[in-house]
Amino acid sequence: MPDTNPLSYITSALDEIKAAGGFFRLRQLQSACEPVCRADGREVINLASNNYLGLANHPKLKEAAEKAVREFGVGSGAVRTITGTLAMHIELEEKIAAFKHTEACVVFQSGFTANAGTVSSVLTPNDHIISDALNHASIIDGCRLSRAKIHVFRHRDAAHADEILTGLAGEPGSKLLITDGVFSMDGDIGPLDQLVPVAEKHGAIMMIDDAHSSGVLGANGRGTVDHFGLHGRVQIQVGTLSKAIGALGGYVCGSRDLIDYLYHRARPFLFSTSHPPAVTAACLAAFDLLIAEPERVQLLWDNTNYFKQMLKQEGFDTGLSETPIVPIIVGETKAAMDYSRALFDEGLWATGIGFPTVPQGLARIRAIVTATHTRAQLEQSVDILKRVATRMGLPGL
Ligand SMILES: *Cc1c(COP(=O)(O)O)cnc(C)c1O
């Protein structure tokens, strides 16, 4: 028999990934997601999670989730449009809408499905999407699914977006201008203050993906629109419940009509089962905490500033970061991956990121600070970063 494995090309593709130094194993977390956690059998300082406010293991969220399980069970039983809309789903949507100062909100199973489901249902093949070059994969997939014409503007370059929209003046169809609020690889902020006037000038829909800005930017962590004082001027706001909010999910905020339309047309909403009670209850408790304890957000920023200041003193290059996402630029992909592995062995968990996720030559370690790290843990992290970089002779460090 000849080799008839129809998937043999997958093995060749994997070999290519391995040759390029991009192959990884999944590390296993063996404790709760905390500033110090256990993973792959060792205790490490965790600078790799998106648990910005330390809510993933917060007693109030856990208590709410446990209570929801006891009362309502573990599954919702159906998609939202059949029997899968629990009263608490609506309560969460109303709470988020009020928090974001918008008319209405729809919760999706994840931030990914919120983006992909929204862009693909709001735009048609006759329309145009003007998208930042570094927008998240879920936006890109949504754009592709919509089959609208995609125009990419240079990263954070509102003048370029303006130029593209000017070139499209007179073209039929809707135009959507879309950016991440905070970019996940560099930790820089989308220039919403410059993009909104461009969208308004051209009558384009403005959409923001606040996955890394919810719970991080703005009063009480309300996100980029609040940070820039642009309430009422951004038609579609996406956020995630999976990062700072500590649980799982995504949401879209906007007008009542937008949300009603998504209830009828967004495919992940229509064709995939809704959140289990525990997740929804945990999210409700998280928003209560954001409102009651805004000092968590301040702690996050105090820790971020403290950590970055120490890194700068040690001569590390933290790139364009303006947020708790702190890249430490190393250069080549293999060097970044080796550095990340060596850091882990010394007790620091920080993700290595290389090409093609980031451009050639800009491979990095990405450290994410949280509100719950102690000063001592951050100091120790910088010590480890410095010690391992020196030992490895990393260029520029
Ligand atoms: C993480 C992320 C998402 C996806 O959110 P999930 O809730 O994890 O699916 C979407 N957009 C951006 C910019 C993200 O960083």
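These exercises explore a predicted model, looking at its ligand site and one of its sheets.

**Exercise 1.** Find how many residues surround the ligand, and which are the closest.

Solution. Start with the count: 14 residues surround the ligand. Then pick out the closest: Gly111, Asp209, Thr240, Ser242 and Lys243. Next, sort the shell by character. It holds 9 polar, 3 charged and 2 nonpolar residues. Last, ask which element gives the largest share: helix α4, residues 111-122, supplies 3 residues.

**Exercise 2.** Work out what lies close to oxygen atoms of the ligand at Gly111, His212 and Ser242.

Solution. Use a cut-off of 3.5 Å between N or O atoms for a polar contact. Step one: at Gly111, a backbone N or O atom lies 2.8 Å from a ligand oxygen. Step two: at His212, a side-chain N or O atom is 3.0 Å from a ligand oxygen. Step three: at Ser242, a polar side-chain atom is 2.5 Å from a ligand oxygen. Now turn to cover. On its own, the ligand has 380 Å² of accessible area, and the protein covers 86% of that.

**Exercise 3.** Give the strand order of the open sheet of 3 strands, and explain why β1 and β11 each have one side without a neighbour.

Solution. First, write the order: β1-β2-β11, with mixed pairing. Second, look at the edges. β1 (36-39) and β11 (348-349) stand there with a single partner strand each, so one side of each has no neighbour in the sheet. Third, check one pairing. β2, residues 42-46, runs parallel to β11, and 2 bridges join the pair. Finally, locate a facing pair: Ile45 is opposite Leu348 of β11.

How values were computed
Residues numbered from 1 in each chain as written. Predicted model: local features only at pLDDT ≥ 70, side-chain atom pairs only at ≥ 80, totals over all residues. Heavy atoms only, no water. Near = heavy atom within 4 Å. Polar contact = N/O pair within 3.5 Å; in protein donor to acceptor, adjacent residues only side chain to side chain. Areas by Shrake-Rupley, 256 points an atom, 1.4 Å probe, with all protein chains shown as cover. Helix = DSSP H or I, 4+ residues; strand = E, 2+ residues; numbered from the N terminus. Nonpolar A, V, L, I, M, F, W, Y, C, P; charged D, E, K, R; others polar. Pairing = 2+ DSSP bridges.
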